[in-house]
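Student: Please take me through one part of this model closely. I would like the helix packing in detail, with the cysteines settled beforehand and the sheets set around it.

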Amino acid sequence: MTTHHFGVQLDTKKNNMCGIAGILSTNIELREFHIKNMTKALTHRGPDNTKIWENDILSLGHTRLSIIDLSSNGNQPMSSFTDRYVIVFNGEIYNALEIKKKIQSDQNVDIKWRGHSDTEVLINSLEIYGIENTLNTVRGMFAFALWDKKEKILILARDRVGEKPLYFGKDNNQFFFASELKAIKEIKNFEFILNHQAIQEMLAKGYVSSPKTIYNDIYKLEPGSLAIINNLNNIKIKNWWSLRNLKSYDANLKVKSKNINEYENDLKKLLDLSVKEQMTSDVPYGSMLSGGIDSSLITSIMQNNSINKIKTYTIGFEENDFNEAKYAKKISNYLNTDHTEFYLESKDAIKIIPNLSYIYDEPFADSSQIPTILISNIISKKVKVCLSGDGGDELFGGYNRYIWAKKFFSIFKFIPLNLRMPLSKLLLKIGVSNINLFYKIINLLFLNIFQIKNSTMKIIKIISILQSIDEKDLYNKLITQLDDNVTNFNKSYENTSIFNNHFWEINSLHYEQKIMNLDMQTYLPDDILVKVDRASMSSSLETRIPFLDKRVIQFAMELPLDYKIKNNKGKVILRNILNSLIPSKLTDRPKQGFGIPLGSWLRNELKEWSADMIYSDSIIYKEIIDRKKVEKLWLDHQAGYNNQYSLWNIIMFSSWLQTWH
């Protein structure tokens, strides 16, 4: 095992994944200028090859990170076997060989294959079997643009859960798209106007949810969606896949019940298939091992499917409350992996933080972005592909809010709101020591119902959700980090769009399942997957997520809740499977999360830089933010009150403004 204590050097101007871009416009000269700059801005996503394809109305750009078929036969933009279609593609199709065999067995098709890239399989399948038939068949992560030369139609598509990003926008003269906003920012004749609702959402939650972006008239293509562009005035968006259309567990459904052992065997087989598929690569690969249930399970399955030692990587902290490296080390020793530890110090964070707003070119404030970027940078020096355990929490009930939120509300809903509201506001104003006393009293009265660490942030969250009007409002407060409206906009932010789906209308669907499904549609694609994609791509590292295989998602949606959450523990079925592979004593501990000592850093090592963001003299900043409210949050935090997440959202927004405006 290797342990490192060293600084990480990141050069964001030389970030060396696949990136795609395109412009539909009749202004050939301007289009050629823009597509070159857009493609260049995505070089970090694909340092191995850059290529542009153009005709009289369309330019397509692609930067390639070579994973499958390292030869030039895999370069893009790529044409189909009849030359009718051209594609630029970002991602991986894990069952490409299976699809290729199907095409080869089709007696009506005669293809002379150029190579063995999944892109070639995909574009030929799209031509032979059609868009939606192919999309429903593929297993993988992707975003692509397909040009039909015959019909002069441009089609954009994004994978089921949103592992790979795709932005698009238009004005009266052009339609454009790209993997990242920084490429779209290269379009100099487009007016970039800030979206006020997106700003409010970002300050409240730390990210901007699909289909909005931080700018008016620029959008994210939602997961599982297609955009069909006939011309600038005829753009249709449709879902080709939706979590809402899967058969989620319903007590009224006539499904054959199984016992827990049968479910475990089924899931174990599915995960084994998914991991084996995602280990397919023509370059070295590894695993991100945090020591938690999800990453330990994926790593165990990887090692069982490899004759060589799997390369595993973890990041640790000197601050013991945040350090999971010691657990990952024990698991790597048991599995006998080739393990590397990296210990993150505040000086490493200081080096990377000023670059965050370039890497995340839309305002983004999940503070675990910092260790994710740093560990990605380390891993990329050893391997090009890395598997992770993301998605397990949302699918199998891993977050603490799934366990105690409903219990909390079921008790306190009997206290009239007109009593709870002032009580909550009063408690939030008193000192931290008294809040800790309040926590002990509540646990004494309700038999330690919450079963969480004595964390000030969690105590504050519990007190704030006393103000919840109903179960929807409770969920909204759980995912909100900045309750006070610190903006100067006339209209306050309303987080209502996430509830516009049928999950809330199914009375027999458990509350826990409803909020897990909402997290799958919002928090997972717009926070977790954004964090991982941008962090890994900034170092030209491809991350793969076996839990997000479509077969695993379908299984999870049909799995009864008791096999996810039981006896105040989440991920019951995953724990049971893992216990058959690793001794339970190595993994049986409270969920920790991928956190950093942000609160302390904001008072010490990061204080000076953060204060510059808080007290920024930017004209835009002064117009948007209520400075007095923000300064109070800052001063209260310096005095010992923990406002770390609220402040981080504001700090990252201010930093983003300085970088891009």
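Tutor: Start with disulfides. The model is predicted, and a search of the whole structure finds zero disulfides. Two cysteines can be placed by their burial. Cys18 has 12% relative accessibility, so it counts as buried. Cys386 is at 0% and therefore counts as buried too.

Now the close look: helix α19. This helix spans residues 511-521. It is mostly covered, with 10 of its 11 residues buried. The buried set runs through Tyr511, Glu512, Gln513, Lys514 and Ile515, then Met516, Asn517, Leu518, Asp519 and Met520. Charged side chains are on that list, including Glu512, Lys514 and Asp519.

What covers the buried residues of α19? The cover includes α13 (392-396), α14 (400-412) and α18 (471-478). It also includes α20 (523-537) and α21 (550-558).

Take α14 from that group. Its axis and that of α19 are 9 Å apart, and the two helices pack at an angle of about 140 degrees. The pair therefore counts as oblique. Their crossing is right-handed. On the α14 side, Arg401, Tyr402, Ala405 and Lys406 make the contact. On the α19 side, Tyr511, Glu512, Ile515, Met516 and Asp519 make it. The spacing of such contacts has a simple background. An α-helix has 3.6 residues a turn, so residues three or four places apart point the same way.

Two helices from the cover of α19, α13 and α21, turn up again around α22. Helix α22 covers residues 572-579. Six of its eight residues are buried, so the rest of the structure largely encloses it. Those buried residues are Val572, Ile573, Leu574, Arg575, Ile577 and Leu578. They pack against α7 (260-278) and α8 (293-304), as well as α13 and α21.

Next, a link to α20. Gln369 lies in helix α12, residues 369-380. At 0% relative accessibility, Gln369 counts as buried. Its C-alpha is 9.8 Å from that of Asp527, although 158 residues separate them in sequence. Which residues does Gln369 touch, not counting those up to four places away in sequence? They are Leu356, Tyr360, Phe364, Lys531, Trp648 and Met652.

Compare a second helix pair. Helix α24 (residues 607-614) and helix α26 (residues 627-638) have axes that come within 10 Å and cross at roughly 160 degrees. These two are therefore roughly antiparallel. The crossing of α24 past α26 is left-handed. From α24, the contact uses Lys607, Ser610, Ala611 and Ile614. From α26, it uses Val630, Trp634 and Gln638.

Now the sheets. One open sheet has six strands in the order β3-β4-β2-β10-β9-β11, with antiparallel pairing. Its edges are β3 (49-54) and β11 (218-220); each has a single partner strand, so one side of each lacks a neighbour in the sheet. Neighbouring strands here are turned by 15 degrees against each other on average, direction ignored. Within this sheet, β2 (residues 19-24) and β4 (residues 58-64) pair in the antiparallel sense over six bridges. Ala21 stands opposite Gly61 in β4.

Another open sheet of six strands follows the order β5-β6-β7-β8-β12-β13, and its pairing is antiparallel. The edge strands are β5 (78-79) and β13 (234-239), each pairing on one side only. Six bridges join β12 (residues 225-231) to β13 in the antiparallel sense. Asn231 has Asn234 as its bridge partner in β13. Helix α3 (residues 118-129) lies across β5, β6 (85-93) and β7 (140-148). It runs at about 125 degrees to β6.

One parallel pair remains. Strand β15 (residues 311-317) runs parallel to β16, and seven bridges join them. Phe317 stands opposite Leu344 in β16. Strand β16 (residues 338-344) is mostly covered, with six of its seven residues buried.

Back to the part you asked about. Helix α19 has 10 of its 11 residues buried, and its crossing with α14 is right-handed.

Note on methods
Residues numbered from 1 in each chain as written. Predicted model: local features only at pLDDT ≥ 70, side-chain atom pairs only at ≥ 80, totals over all residues. Heavy atoms only, no water. Disulfide = S-S within 2.5 Å. Buried < 20%, exposed > 50% of the residue type's maximum accessible area, 1.4 Å probe, protein only. Helix = DSSP H or I, 4+ residues; strand = E, 2+ residues; numbered from the N terminus. Contact = heavy atoms within 4.5 Å. Pairing = 2+ DSSP bridges. Axes fitted to C-alpha atoms, helices over the stretch in contact; angles between N-to-C directions. Parallel < 35°, antiparallel > 145°, perpendicular 65-115°, else oblique. Left-handed = near helix turned anticlockwise from the far one by under 90°.
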